[in-house]
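Q: Could we go through this structure together? I would like to begin with the aromatic residues and then turn to one of the helices.

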Amino acid sequence: MKILITGANGQLAREFLSGLKKHELNAYGREQLDISNQDAVSNAVSYCKPDIVLNCSAYNLVDKAEDDFDSAIKVNAFGVKNLAKACKKSKALLIHYSTDYVFDGTKEDFYTEEDEPNPINKYGESKLLGERVLSEESDDFLLFRVSWVFGKGKQNFLYKLSEWASSRRVLKVVSDQISVPTYTEDIVNASMLAVENGLRGVYHLTNSGYASRYEVARFFLERLGMNNIVLPVTSDYYPSAAKRPYFSAMSNSNIMNKLGIVIPEWKDAVERFMKESGGI
């Protein structure tokens with residue numbers, strides 16, 4: 001297949017580039033393709049003539065989005081609209097990634113695809129706008145909501161943890177933000193299996209289980225063999241511009257049932273990530 005990948009410098013795009021070598025790939029970072037530029041998107045899709053467009057571009061600066069909402073919606077909403085229009089014109093399948101932050105975290109149970117989104121921060125609002133313009137522009141798409149994504153690279157919680165742990169004996173980690181750490185390798189595998197099975201629509205794509213940031217930190221640092229003291233604190237300990245949902249874990253039952261697979265637990269995913277990356 002011919003596949004065009006946006007956001008080529010991000011950790012998810014790099015996982016696709018590593019795992020899809022048997023396909024004809026065209027990957028563009030933001031410097032080469034700003035998806036908020038409609039003409040640039042149209043030209044790139046016309047030139048590459050892809051079967052699939054993987055949109056890994058995202059404005060994901062959660063706190064900054066509170067004061068810079070225009071930049072967030074440029075990429076997370078208008079950029080998605082541009083891609084959807086170009087893909088519709090060229091009859092390419094658009095695969096787009098959204099977030100658990102479209103939910104407010106008050107359900108106190110796993111969110112399913114049937115639950116009504118209600119974001120509590122501007123980043124979540126921008127991602128929800130992207131979801132809506134996608135469904136308005138096209139019906140030939142796969143939209144995967146993911147959460148707490150980690151993989152090779154520095155833009156994830158596990159990398160930051162290892163950095164903090166190397167310079168501090170005591171770490172204080174929030175215990176009132178709960179979701180599902182999700183490994184880029186598992187996202188890639190399930191995404192391509194969904195393509196092979198002809199799926200379309202919205203799916204929650206996470207590893208299985210759930211955990212607080214504190215629980216993830218304890219597990220990860222213990223597996224690294226580090227003896228830091230990790231203490232739980234509330235979100236108020238680290239004041240931030242954007243509110244985070246309390247319990248935004250999403251159920252992956254629908255995608256597993258449709259594909260006939262079992263997506264591994266997050267702990268298994270963390271251990272595989274550590275093994276494959278030589279620790280971190």
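**Aromatic residues and helix 3**

A: In this predicted model, Y101 has a relative accessible area of 8%, so Y101 is buried.

Q: And Y123, buried or exposed?

A: Y123 counts as buried, with a relative accessibility of 9%.

Q: How many aromatic pairs are there?

A: The count comes to 14 aromatic pairs. The rings of Y101 and Y123 form an edge-to-face pair, because their planes stand at 80° and their centres are 6.1 Å apart.

Q: Which parts does that pair tie together?

A: Y101 belongs to the loop between strand 4 and helix 4, while Y123 is in helix 4, so the pair links parts that are 22 residues apart in sequence.

Q: Which residues form an aromatic cluster?

A: One cluster is formed by F16, Y97, F144 and Y203.

Q: Where does the charged end of K122 sit?

A: It sits over the ring of F69, 5.1 Å from the ring centre. In addition, R213 lies over the face of F157, at 4.9 Å from the centre of that ring.

Q: Changing topic to helix 3: what span should it have?

A: Helix 3 comprises 22 residues (69–90), and at 1.5 Å a residue it should span 32 Å. Its end C-alpha atoms are 30 Å apart, which agrees.

Q: Where does helix 3 bend?

A: The bend is at F78 and amounts to about 30°.

Q: What covers its buried residues?

A: The buried residues of helix 3 include A72, I73, V75 and C87. Their cover includes strand 1, helix 2, strand 3, strand 4 and helix 4.

Q: What phi does K91 take?

A: K91, just after helix 3, takes a positive phi of about 60°.

How values were computed
Residues are numbered from 1 along each chain as its sequence is written. This is a predicted model: local features need pLDDT of at least 70, side-chain atom pairs count only at pLDDT 80 or more; totals for chains, interfaces and linings use all residues. Side-chain values use heavy atoms; hydrogens and water are left out. Helices (H or I, at least four residues) and strands (E, at least two) are DSSP runs, numbered from the N terminus. The expected span of a helix is 1.5 Å times one less than its number of residues. The bend at a residue is the angle between axes fitted to the seven residues ending there and the seven starting there. Buried means under 20% relative accessible area, exposed over 50%, partly exposed in between (1.4 Å probe, protein chains only). Contact means heavy atoms within 4.5 Å. Rings of Phe, Tyr and Trp (its six-membered ring) pair if their centres lie within 6.5 Å; planes under 30 degrees apart count as stacked, over 60 as edge-to-face and the rest as tilted. A charge sits over a ring if NZ of Lys or CZ of Arg is within 6 Å of the ring centre and within 35 degrees of the ring normal.
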